[in-house]
Amino acid sequence: MNIFKRKVKKTVLVCCGTGCLANNSFEIYKGLKKKIEDLAVNVKVRPVVKATGCNGLCEKGPIVTILPDDVFYCGVKVTDVDEIVENTVLNNKVIERLLYFDSAKGKKVRSHKQSEFYRKQLKIALRNIGQIDPGNIDDYIERGGYSALRKVLFKMSPKGVISEVERSGLRGRGGAGFPAGLKWRQCAEMDNFPKYVVCNGDEGDPGAFMDRSIMEGDPHSILEGILIGAYAVGSEKGFIYIRDEYSLAIKNMTKAIEKAAERGFLGQNIMGKGFSFDIEIVRGGGAFVCGESTALMASIEGRVGEPRIKYIHSTEKGLWGQPTVLNNVETWANIPVIINKGAGWFSRIGSKGSRGTKVFSLVGKVRNTGLIEVPMGITLREIIFDIGGGIIGSGKFKAVQTGGPSGGCIPESLLGLGVDFDSLNEVGAMMGSGGMIVMDENTCMVEVARYYLKFLSEESCGKCIPCREGIKRMLEILEDMCTGKGREEDIELLLEISETVKEASLCGLGKTAPNPVITTIKYFRDEYLAHIKDRRCPAGICRELTVYYIDRDVCRGCGLCRKGCPTEAISGEIGSRFTIDTSKCIKCGSCKEICRLNAVKVLGGAAE
Ligand SMILES: Cc1cc2nc3c(=O)[nH]c(=O)nc-3n(C[C@H](O)[C@H](O)[C@H](O)COP(=O)(O)O)c2cc1C
Ligand code: SF4
Ligand code: SF4
Ligand code: FES
């Protein structure tokens, strides 16, 4: 049916999150907008093209969605623009080629809601992302934006707001899972002004992009949450701390602040209710430790970003020694929904001790990488195999790492674990801010522990000795293991140092840094022993502990590997079997990559 007859307003949504932008989505957006505007002369119903934030399925981007029919196109190119407008926008014809292939169903699906990737998700913090233009405040308002602020200012007392947030069971999404309502109450009870509210948008975990996506895709939801928090605790000044690399997040948050001020949601006497509030953005220099609340506040004050001892709560003495509430981006984004839908509604979602949903950036060796939001309590298996579509290629699942660089690695036997703050802690991992990295059988768990310890040793601020020296010593031991110099007693030594670093470090960085080591020893001790006793890396990753060879039964003598070898380590005649001289081989891996028959094997590796 032609849309001119139906008179249904169409909307074309083009994802302009960082992932899709990197794949030219802004050109697609401009192309669609121009084509549709050019056609406007003759059309009665004019589709609207909006540049939205991240849709979640970044790997399949650029994503274009056509509403109201919810036709979901992936991997769109600039050259597809004319076809999309002529077929789908004007004539409701679906372009099969661009539809999303759902690997779980084994077929293409027309709407993203039909896919397994979205079916098990529940979007609260991400409710508007991919649906609105983050630069357009009216888009946010159309979807109920700023109605929670209105409700709070007109109908609720600050104490009432705090009770509502307490009853919702919302725990901070930035890592420790501290109850948000309790933090607010502690600050509200302080009779010391001025008070401050802070939004932690530092997001230093490598590979994580949950908070960035919310700041880029729905900045007003964060602002509205902060305004509600400020009203509840009696603050008139707030700060949003964003790492400097997040340029789009800074741009979109800055614009949102300007627009909110223009509409009277920020500034003096908001909505005529006598509440005044102002907010500014502070750019972080990119140190991981500056995500820690006390280091972050020191950084805002212009001091060196070092943590301090926390025997005095920030709610008592935070920024400039004044009472301060600091919450994570995702925590703030949940607040307007809790106010609008009620604590009862929110607390019915999730598991007993962890209410609501959690946003994860699902990455690694999983088919559908991207941004997901799931109810707390969902199992790891559901996340990785239903939403994530399982392991890429023919590989087998080995472990999943949650909680950022100082999180833990969880093995296959625990895939049935319901994911929440407490269950993850119980198995030695943690929620962190929501990084989830899936690893397959070709991952060396000793190397994984080494990698994270390296990162943490570089990011430790050095203020306290257990963290500064302890992490370094552990790293040295792991480096020895990965290069064939490990000793049997090193495993116990690692565990002993881990205990001290955990116990004696000053801040959360040191206190959690040993987690990757402890969990990999706990669940993958065999791999440590193979490195130490057999001088062998079972996954074939640690170069010193592997040997490259050509399987004579598979090799057909094409000679491609010899051409690609930088050290002339491969010899043989075309048509005969080729061999590798291990004394010349530098284990660069190019022969393995080049060989189409998979004849190049790594001794000690999964490919044996
Ligand atoms: C080393 C380190 C880095 C951290 N990085 C972040 C971060 O990037 N974002 C964040 O929200 N919280 C981070 N945290 C947790 C914060 O200290 C703090 O607990 C959190 O921001 C409080 O907000 P919430 O209660 O809403 O979770 C980090 C903690 C540590 C120890
Ligand atoms: S635990 Fe590490 S990061 Fe934290 S204060 Fe001590 S040295 Fe700095
Ligand atoms: S791993 Fe690299 S150096 Fe070794 S044989 Fe193959 S191509 Fe040559
Ligand atoms: S950036 Fe487009 S789907 Fe994530």
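**Three ligand sites and some backbone details**

Of the 13 residues around ligand 2, those that come nearest are Cys461, Lys463, Cys464, Cys467 and Cys507. I should say at once that what we are looking at is a predicted model, and that everything I describe this morning is to be taken in that sense. The shell around ligand 2 divides into 8 nonpolar residues, 4 polar ones and 1 charged one, and the space that ligand 2 takes is the second largest cavity.

Let me turn from there to ligand 3. This ligand sits in the largest cavity, with 13 residues around it, of which Cys565, Cys585, Cys588, Gly589 and Cys591 come nearest. When the residues of the ligand 3 shell are sorted by character, 9 are nonpolar, 3 are polar and 1 is charged.

Now to ligand 1, where I would like to spend a little longer. What kind of space does ligand 1 take? The space is the largest pocket, and 19 residues surround the ligand there, the closest being Gly174, Glu203, Asn327, Asn328 and Thr331. The residues of this shell divide into 3 nonpolar, 11 polar and 5 charged. As for where they come from, strand S11, which runs over 324-328, and helix H21, which runs over 508-512, each supply at least two residues of the shell, and S11 gives the most, with 3 residues.

Which side chains place a polar atom by an oxygen atom of ligand 1? Thr331 has a polar side-chain atom 2.7 Å from an oxygen atom of the ligand, Asn327 has one at 2.8 Å from a ligand oxygen, and for Lys183 the corresponding separation is 3.0 Å. Taken alone, ligand 1 exposes 620 Å², and the protein buries 90% of that area.

One of the closest residues to ligand 1, Glu203, also deserves a remark on its backbone. Although Glu203 is not a glycine, its phi is positive, at about 40°, and the residue is found in the loop between S7 and helix H10, the latter covering 210-217. As a reminder, most residues other than glycine have a negative phi, and most peptide bonds are trans.

That brings me to the peptide bonds themselves, and to two that are cis. Gly61 and Pro62 are joined by a cis peptide bond with an omega of about -10°, and Pro62 has its place in the loop between strand S2 (48-52) and strand S3 (64-67). The bond from Phe193 to Pro194 is likewise cis, with omega near 0°, and Pro194 lies in the loop that connects helix H9 (180-188) and strand S7 (196-201).

Finally, a word on the aromatic side chains. The structure holds 15 aromatic pairs. The rings of Phe26 and Tyr29 have their centres 5.3 Å apart and their planes at 40°, so this pair counts as tilted. Where do the two residues lie? Both Phe26 and Tyr29 belong to helix H3, residues 25-39, and they are 3 residues apart, which is about one turn of the helix.

To go back over the sites before we open the discussion: ligand 3 sits in the largest cavity, ligand 2 takes the space of the second largest cavity, and ligand 1 takes the space of the largest pocket.

Key: Residues numbered from 1 in each chain as written. Chains lettered and ligands numbered in written order. Predicted model: local features only at pLDDT ≥ 70, side-chain atom pairs only at ≥ 80, totals over all residues. Heavy atoms only, no water. Near = heavy atom within 4 Å. Polar contact = N/O pair within 3.5 Å; in protein donor to acceptor, adjacent residues only side chain to side chain. Areas by Shrake-Rupley, 256 points an atom, 1.4 Å probe, with all protein chains shown as cover. 1 Å grid on protein atoms, 1.4 Å probe; cavity = no way out; pocket = protein on both sides within 12 Å on 5 of 7 lines; lining within 4 Å. Sits in = over half its atoms within 2 Å of the grid points. Helix = DSSP H or I, 4+ residues; strand = E, 2+ residues; numbered from the N terminus. Nonpolar A, V, L, I, M, F, W, Y, C, P; charged D, E, K, R; others polar. Phe/Tyr/Trp six-rings, centres within 6.5 Å; stacked < 30°, edge-to-face > 60°.
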